[in-house]
Amino acid sequence: MLFYNSRYLMAQLGSLLFVAPAILIAIICHECAHGWMSDRLGDPTPRASGRLTLNPLRHLDLWGTLCLLLFHVGWAKPVPINPYYYKDRKKGIILVSLAGPVMNFLVAFVSVLLEGLLVKYGSRGSVLITILILLTEYSARINIGLGVFNLIPVPPLDGSKVLGELAPSVNQLYRRWGPYWQWGLLILLVVGVLSVPLSAIDGAVYNLMWDGAVRLLRLYAVGGGGAGVI
């Protein structure tokens, strides 16, 4: 039993070596996208608060990061914004809220594309290529998980901000229950209620991206970019 537990622990630690950098990349890209979009819409708040940075320590949230490590879904510290700088407040909040998940999906697709390139052109049996394939796959899956999860319309997730702007009555409900939403979300994650539907959606998105990457690589090969099998 002790031997079994030791092997399990080593496997978990090995997995963490791939999960941790993928999480950092996902969080940084997600939060920087929020801040960049708000900055582009004329709001100086994210830049003034130091959130347009690649330093992960400025973005990490304790509970959100723990959820990412344990469940591969979670959140970061919200980027401070001031919607009154936007010409169209409603449109601005929606764009800023969607910027984070959209960026995660873009990073995920790039990761899937790199994974496909490594599988297609990488040297089979190479330890380095195997490690890179695992890193790109983890990056894709973590980014997809973060993007999908944050679209759930429950505070403090980005989906709640979008729905709150589209349906003011729902926004009032969000405000009425305040911080209880976050604790409810944590409970749902811990008991595993969200695991099955989120895993199904994440898997479907990953497969869709993989199909798209395969088609692009095949087009590249047909166009004279190289030969290979994928």
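Tryptophan 63, W63, is partly exposed in this predicted model, with a relative accessible area of 42%. W63 is found in helix α3. I begin with this residue because its 42% relative accessible area clears the cut-off of over 30% that a patch residue needs. W63 indeed belongs to a nonpolar surface patch of about 730 Å², together with L16, L62, L66, L69, L70 and W183. Helix α3, residues 62-71, supplies five residues of that patch, the largest share.

Let me now place that helix in the overall architecture. The protein chain has nine helices and zero strands. Read along the sequence, the pattern is accordingly α-α-α-α-α-α-α-α-α. Of the 230 residues in the protein chain, 38% are buried.

I turn next to helix α4. Helix α4 runs over residues 89-121, which is 33 residues. From its first C-alpha to its last, α4 reaches 48 Å, close to the 48 Å expected at 1.5 Å a residue. There is nevertheless a bend of about 35° in α4 at A99, and a proline, P101, follows within four residues. The N-terminal end of α4 is capped by D88, which has a side-chain oxygen 3.4 Å from the backbone nitrogen of K90.

Two residues within α4 deserve individual attention. The first topic is S97, which lies in helix α4. Is S97 buried or exposed? At 3% relative accessibility, S97 counts as buried, because the cut-off for a buried residue is under 20% relative accessible area. The side chain of S97 reaches the backbone oxygen of I93 at 2.7 Å. S97 is also a point where distant parts of the sequence meet: S97 and H34 are 63 residues apart in sequence, and their C-alpha atoms are 6.6 Å apart in space.

The other residue is L113, also found in helix α4. L113 is partly exposed, with a relative accessible area of 25%. How far apart in space are L113 and G212, C-alpha to C-alpha? The distance is 8.6 Å, although 99 residues separate L113 and G212 in sequence.

I move on to the charged pairs. As a general point, side chains of opposite charge can pair when their charged atoms come close. The structure holds four salt bridges, and I shall describe some of them.

One of the salt bridges joins the side chains of R51 and E31, at 3.6 Å from N to O. R51 lies in the loop between α2 (45-48) and α3, while E31 lies in helix α1 (residues 2-40), so the pair ties together parts that are 20 residues apart in sequence. R51 is buried, with a relative accessible area of 6%. E31 is likewise buried, with a relative accessible area of 4%.

Another salt bridge is formed by the side chains of D39 and R47, at 3.0 Å from N to O. Here D39 is partly exposed, with a relative accessible area of 21%, whereas R47 is exposed, with a relative accessible area of 53%.

A further salt bridge brings together the side chains of E137 and R141, at 3.1 Å from N to O. How many residues apart are E137 and R141 in helix α5? They are four residues apart in helix α5 (residues 127-150), which means that about one helical turn separates E137 and R141. E137 is partly exposed, with a relative accessible area of 23%. R141 counts as partly exposed as well, at 38% relative accessibility.

My remaining topic is the backbone after helix α5. In general, most peptide bonds are trans. Which peptide bond in this model is cis, with omega near 10°? It is the bond from P155 to P156. P156 is found in the loop between α5 and α6 (158-166).

To close, I return to three places worth locating on the structure. On the surface, there is the nonpolar patch of about 730 Å² that includes W63 and W183. In helix α4, there is the bend of about 35° at A99. Between helix α1 and the loop that leads from α2 to α3, there is the pair of R51 and E31.

Methods: Residues numbered from 1 in each chain as written. Predicted model: local features only at pLDDT ≥ 70, side-chain atom pairs only at ≥ 80, totals over all residues. Heavy atoms only, no water. Expected span 1.5 Å × (residues − 1). Bend = angle between axes of the 7 residues up to and from the residue. Polar contact = N/O pair within 3.5 Å; in protein donor to acceptor, adjacent residues only side chain to side chain. Patch = residues over 30% accessible without salt bridge, like charges linked within 9 Å, V, L, I, M, F, W, Y side chains within 5 Å. Areas by Shrake-Rupley, 256 points an atom, 1.4 Å probe, with all protein chains shown as cover. Buried < 20%, exposed > 50% of the residue type's maximum accessible area, 1.4 Å probe, protein only.
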